[in-house]
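Please open the structure in your viewer and keep the sequence panel beside it, so that you can select residues by number as you read. The tour below goes from stop to stop, and at each stop you are told what to select and what is there.

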Amino acid sequence: MSPSPRVAVVGTGVIGAMTAWHLARRGAEVLALDTYSPGHDRGASAGESRIFRTVYKEGAEYVPLLQRSGQLWRELEAATGSALLTLCGGLTIGPADDPDVAAVRACAEECGLDHEVLDAAEVGVRFPQHRLDTDEIAVLDPAAGVLRPEPAVQAALRAAEAAGARLLPYHPVDDVTETAGGWRIRSAERVYDVDHVVFAPGPWARRLAPLRESPVEARLITACWFAARDVAAHRPNRLPIAIRRHREAGFSCFPALDGAAIKIVPHHLGWPVLDDPDHLPRTADVEFVRRASAAAERLLPGVVPHPVRIGTYVEGFTPDDHALLGPVPGCANATVLTGFSGHGFKLAPVFGELAAELVLTGTTSHDIDRLDPARFA
Ligand SMILES: Cc1cc2nc3c(=O)[nH]c(=O)nc-3n(C[C@H](O)[C@H](O)[C@H](O)COP(=O)(O)OP(=O)(O)OC[C@H]3O[C@@H](n4cnc5c(N)ncnc54)[C@H](O)[C@@H]3O)c2cc1C
């Protein structure tokens, strides 16, 4: 490949935006296209807040990636003058024998990561915003925090543009075809010829011909905001992010960033499959709201347990809940990043870096065999 390969990035949610940034700053000639606006709320990369954590129940092999991602979040903040990551700490709360609680403890111990294990009485003193049953515990990860998704996407795209990338919002890619040594991209009645294409289409993966057979399912994830009675006690300086596991409910929980309400993303109410990511319902049905309210009333004593705001988003899931990151099976000069299965945001900077390495050198600085798209081919 030439020293300045022409690379098209299809999709600029957080993953495509980060990939465009890393490619451009390594000297590639980048064209970054998206159907919608930077930071839009129709896909997976929106909704005010995202969890960042390094003690990882999903597997200790992610820890070096998470640590690198943490560095890159700070680099992006410095490069763009943006505040994106607040390290407010993170709690995993639930019964001591809950598999996720046990996995978090095991990961912290195996990797020698700072953490504290608190019993229900200690949580009652330090974090009374949560109500625990007496046999429940919390694992506190001091290196966890909260990310701001919309500003993060916009910052990554600004950094990409500053490094020379050309951004094309409102440019749906209608067709991609392999050519001798490259790809032809059709969008908004124009044609672009490039050496390499990176597909970062999130839940829209199967719409693109080379990914039609990929196992990525679009799923609906709904978030609910509840007004805090004492807002000061629910801001990030007093309330860590949390993953709440309970016999009756489960959710991720985010401190008040809007000056009024905390957010929860219920896990126990399911993430239904959507036949098409464009068929995203814009609100939740009453039964969902009733059950989310019941969870808030039972487990979050400091909120008014009726949501003041609902947000719906769509994410791409794979059958094993691990992303697809690597060469597109059966194609030359094509890389795919999709199917982040509800946990791609925190890792987006490092995933973008790995994709750029793969495109430009054919190899990566971290072992990502587990994410190889060929495992489902
Ligand atoms: C509600 C919710 C909560 C989450 N919580 C967390 C969390 O706390 N922590 C965490 O780490 N992760 C979390 N995740 C997961 C994380 O947000 C996603 O993994 C990540 O945002 C995926 O980004 P993406 O760029 O792959 O997808 P998207 O953001 O959906 O971006 C894909 C982009 O591709 C564009 N596109 C698609 N097809 C085309 C085409 N043909 N032409 C042009 N453009 C196209 C779309 O318009 C879109 O902008 C959560 C996800 C959701 C939905």
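## First stop: a sheet of three strands

Select Thr-179 and then Gly-182, a residue of β11, which is the bridge partner of Thr-179. Bear in mind throughout that what you see is a predicted model.

Now widen the selection to β10 and to β11, the strand covering residues 182-187, and you will find that six bridges join the two, which run antiparallel. Add β12 as well, and you have an open sheet of three strands in the order β10-β11-β12, with antiparallel pairing. The edges of this sheet are β10 (173-179) and β12 (190-194), and because each has a single partner strand, one side of each is left without a neighbour in the sheet. If you follow the sheet from one strand to the next, the twist averages 20 degrees.

## Second stop: a sheet of eight strands

Next, select Glu-116 together with Leu-140 in β7, which is its bridge partner. The strands here are β6 and β7, the latter made of residues 136-141, and four bridges join them in an antiparallel arrangement.

Extend the selection to the whole open sheet, in which eight strands with mixed pairing follow the order β6-β7-β5-β15-β16-β17-β14-β18. Why do β6 (116-119) and β18 each have one side left without a neighbour in the sheet? Both stand at the edges, where each has a single partner strand. Between neighbouring strands of this sheet the turn is 20 degrees on average, if direction is ignored.

## Third stop: the ligand

Finally, select the ligand and the 34 residues around it, of which Asp-34, His-40, Ser-45, Glu-315 and Lys-346 come nearest. By class, this shell has 19 nonpolar, 11 polar and four charged residues. Colour the model by domain, and you can check that domain 1 (6-48 + 149-213 + 320-376) and domain 2 (90-142 + 217-317) each give the shell at least three residues. If you prefer to look element by element, select α1 (14-25), β3 (50-52) and β18 (309-317), each of which supplies at least two residues of the shell.

Then turn to single atoms of the ligand. An oxygen atom of the ligand is 2.9 Å from an N or O atom in the side chain of Arg-50, and a polar backbone atom of Ile-51 lies 2.7 Å from an oxygen atom of the ligand. Select Lys-346 again, and you will find a polar side-chain atom 2.7 Å from an oxygen atom of the ligand. Taken alone, the ligand exposes 1,000 Å², and the protein buries 96% of that.

Notes
Residues numbered from 1 in each chain as written. Predicted model: local features only at pLDDT ≥ 70, side-chain atom pairs only at ≥ 80, totals over all residues. Heavy atoms only, no water. Near = heavy atom within 4 Å. Polar contact = N/O pair within 3.5 Å; in protein donor to acceptor, adjacent residues only side chain to side chain. Areas by Shrake-Rupley, 256 points an atom, 1.4 Å probe, with all protein chains shown as cover. Nonpolar A, V, L, I, M, F, W, Y, C, P; charged D, E, K, R; others polar. Domains from an automatic or database assignment. Pairing = 2+ DSSP bridges. Axes fitted to C-alpha atoms, helices over the stretch in contact; angles between N-to-C directions.
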